[in-house]
Amino acid sequence: QEIPLKYGADRLGKRSDAAMQKFRDNRLGAFIHWGLYAIPGGEWNGKVYNGAAEWLKSWAKVPSDEWMKLMDQWNPQNFDARAWAKMARQMGVKYVKITTKHHEGFCLWPSKYTKYTVTNTPYKRDILGELVKAYNDEGIDVHFYFSVMDWSHPDYRYDIKSKEDEEAFSRFLEFTDNQLKELATRYPTVKDFWFDGTWDASIKKNGWWTAHVEKMLKDLVPGVTINSRLRADDYGKRHFDSNGHLMGDYESGYERRLPDPVKDLKVTRWDWEACMTVPENQWGYHKDWTLSYVKTPLEVLERIVHAVSMGGNMVVNFGPQPDGDFRPEEKQLAESIGRWMKKYGECIYGCDYSGWEKQAWGYYTRKGKDVYMVVFNPPYSKHLVVKTPVGTEIVKAVTVNGGKDVKITETARNEYNVDMPDKDPGEPFVIKLETKEKTSETDKYR
Ligand SMILES: C[C@@H]1N[C@@H](c2cn(-c3ccccc3)nn2)[C@H](O)[C@@H]1O
């Protein structure tokens, strides 16, 4: 009983090609939100706004021509793409998503379709180009964040209510096509486009265009992945089309939130990527991080593991300072996560949903027949309860980053007690379970 769609999902089920497998195996990424908004850092005319700093133009109701004057101050003297790439490698991220253009309309690359670019600032240099090269040189994939909504463009429309709107927005969509073609051809090693700013009625009424963009980019960059947030179908349905099929290559709805490990297991049926901020809701640089709760490295780590345990990716956000360096809290975060990933990263990279029942002590991830236990909450009982699916048994258990055997005791059919390591690791730790499919004669609980 599916309805016919011209601009719905053009694929059912997960992509199975190598480029998508690399996207999936990467699992851990970093977001870079960098633009003119970093200069005021949440403060305008002496007033500090506690909303998201990259939305300051909106909170302070700044007219676009006044806002774009910030370009005269764009001169990040401490910007060093190679230092950024080194920091990303040390954190253990396998890819970085960069804001090529955020809602404000300022481009980090020398676009020839607008004057609002790095070229027309005191800094002049192609920041995006330097970052793509530096990250790629470190073996890190580069993904492009691109905001369709563009507050700087006179032809942008929030809705289409007149012939004039239609003509203006048609010019705007052509401008956007040109910028996207520019990005795809100037930086051919790009691996993904992550679209934002696509919630307005104007876009929902032009679902055809979103389907055209996906096709255009996949023609220009073979293997490139496209997020579901770009897409609207014939009826303006977003992410999932009117027949309930996911559009794009992965779901991109989990922004600052995660699916529940028990109630939302449906997400394990498709690819998805979550993204998160370290403060409660700051993507761009905000000068005052005391205005909301700032997550500790352990709280960031738990969200990373939570996402991977449900077959998703996690992208942790960084909002560089206007001078091009990172704030100390973000440098410490990258260092701390990186230390953990160096010891235990095998439970993240190339891992997926295990299909096993969530337990209180933490999360499972799986790689082939190996199931990892990532323990965040050690129990007073000193053993970790594990329930395996019917037909699966645990052959052995070893600590990751220690290689020590861990005692397992079968307590009932498909139930085990896995002992805690004798010395408390003092940090979330990982036990690798080697499993095999039960053969009937060994099933002594018949
Ligand atoms: C990835 C994140 N997405 C942008 C965003 C969008 N929105 C938003 C706010 C109100 C309605 C619809 C969407 N809030 N934040 C943020 O600015 C950041 O880029």
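This report describes a helix, the nonpolar cores and the cysteines of a predicted model.

## Basis of the values

Residues are numbered from 1 along each chain as its sequence is written, and side-chain values use heavy atoms, with hydrogens and water left out. Because the model is predicted, local features need pLDDT of at least 70 and side-chain atom pairs count only at pLDDT 80 or more, whereas totals for chains, interfaces and linings use all residues.

## Helix α10

Helix α10 covers residues 328-344, helices being DSSP runs of H or I with at least four residues and strands runs of E with at least two, numbered from the N terminus. Its 17 residues should span 24 Å at 1.5 Å a residue, the factor being applied to one less than the number of residues, and the end C-alpha atoms are 24 Å apart, which agrees.

The buried residues of α10 include Leu333, Ile337, Trp340 and Met341, where buried means under 20% relative accessible area and exposed over 50%, with partly exposed in between (1.4 Å probe, protein chains only). Seen down the axis, the buried residues fall within an arc of 165°, so they line one face of the helix; the arc is taken from the directions from the axis to the C-beta atoms. Gln332 and Lys342 are exposed on the face turned away from that buried side.

## Nonpolar cores

The largest nonpolar core, a set of buried Ala, Val, Leu, Ile, Met, Phe, Trp, Tyr and Cys residues joined through side-chain atoms within 4.5 Å, has 124 residues, of which Tyr135, Phe193 and Val316 touch the most other members. Helix α6 (residues 163-186) gives the largest share of this core, seven residues.

## Cysteines

The structure holds zero disulfides, a disulfide being a pair of cysteine sulfur atoms within 2.5 Å. Cys107 counts as buried at 0% relative accessibility, and Cys275 counts as buried at 3%.
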